[in-house]
Amino acid sequence: MTPLQLKLKPERRTLAITWEGGDISLLPASELRRRSRAAQAVRASLDGRETRFDDVMVTGIEPIGSYAVRLVFSDGHDRGIYPWQYLREIADSLA
């Protein structure tokens, strides 16, 4: 499923996604950062080094082709690529 629109809320702590069909998902920046699938984040999780990201904000959104976005976070993390399907999975798990 492809989003029609991605909009970062003014406080930069919530990403609003409007999906085909009209569904709207509000994804907290802290949850998106926690679920990054970048190698260093996956390794930290496997090693049991879970980190809380309560104060993190999204500072940038970069398109990756027509299938994903790269999110840049206020803690400097900028390696996570979020395919549309994965964003939808996150949204569905939070519903």
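**Reading strand E5 and its sheet**

Modeller: In this predicted model, strand E5 (residues 68–73) is largely enclosed by the rest of the structure, because five of its six residues are buried.

Biologist: How do strands of a sheet pair, and which strand is joined to E4 (residues 58–64)?

Modeller: Strands of a sheet pair through backbone hydrogen bonds, either parallel or antiparallel. Here E4 and E5 run antiparallel, with six bridges between them. Within that pairing, Ile-61 has Leu-71 of E5 as its bridge partner.

Biologist: What should I look for in the hairpin of E4 and E5?

Modeller: Look at the residues between the strands, of which there are three, and at the backbone of Gly-65, where phi is positive, near 55 degrees.

Biologist: How many bridges join E5 to E6 (residues 81–83), and which residues stand opposite each other?

Modeller: E5 and E6 are joined by three bridges and run antiparallel. Ala-68 stands opposite Pro-83 of E6, and Val-69 has Tyr-82 of E6 as its bridge partner.

Biologist: In what order do the strands form the sheet, and is it open or closed?

Modeller: The order is E4-E5-E6, in an open sheet of three strands with antiparallel pairing. E4 and E6 are the edge strands, each pairing on one side only. From one strand to the next, the twist averages 30 degrees.

Biologist: Which strands does helix H3 (residues 84–94) lie across, and at what angle does H3 run to E6?

Modeller: H3 lies across E5 and E6, and its angle to E6 is about 80 degrees.

Methods: Residues are numbered from 1 along each chain as its sequence is written. This is a predicted model: local features need pLDDT of at least 70, side-chain atom pairs count only at pLDDT 80 or more; totals for chains, interfaces and linings use all residues. Side-chain values use heavy atoms; hydrogens and water are left out. Buried means under 20% relative accessible area, exposed over 50%, partly exposed in between (1.4 Å probe, protein chains only). Helices (H or I, at least four residues) and strands (E, at least two) are DSSP runs, numbered from the N terminus. Two strands pair if DSSP finds at least two bridges between them. Axes are lines fitted to C-alpha atoms, for helices over the stretch in contact, and angles run from 0 to 180 degrees between N-to-C directions. Contact means heavy atoms within 4.5 Å.
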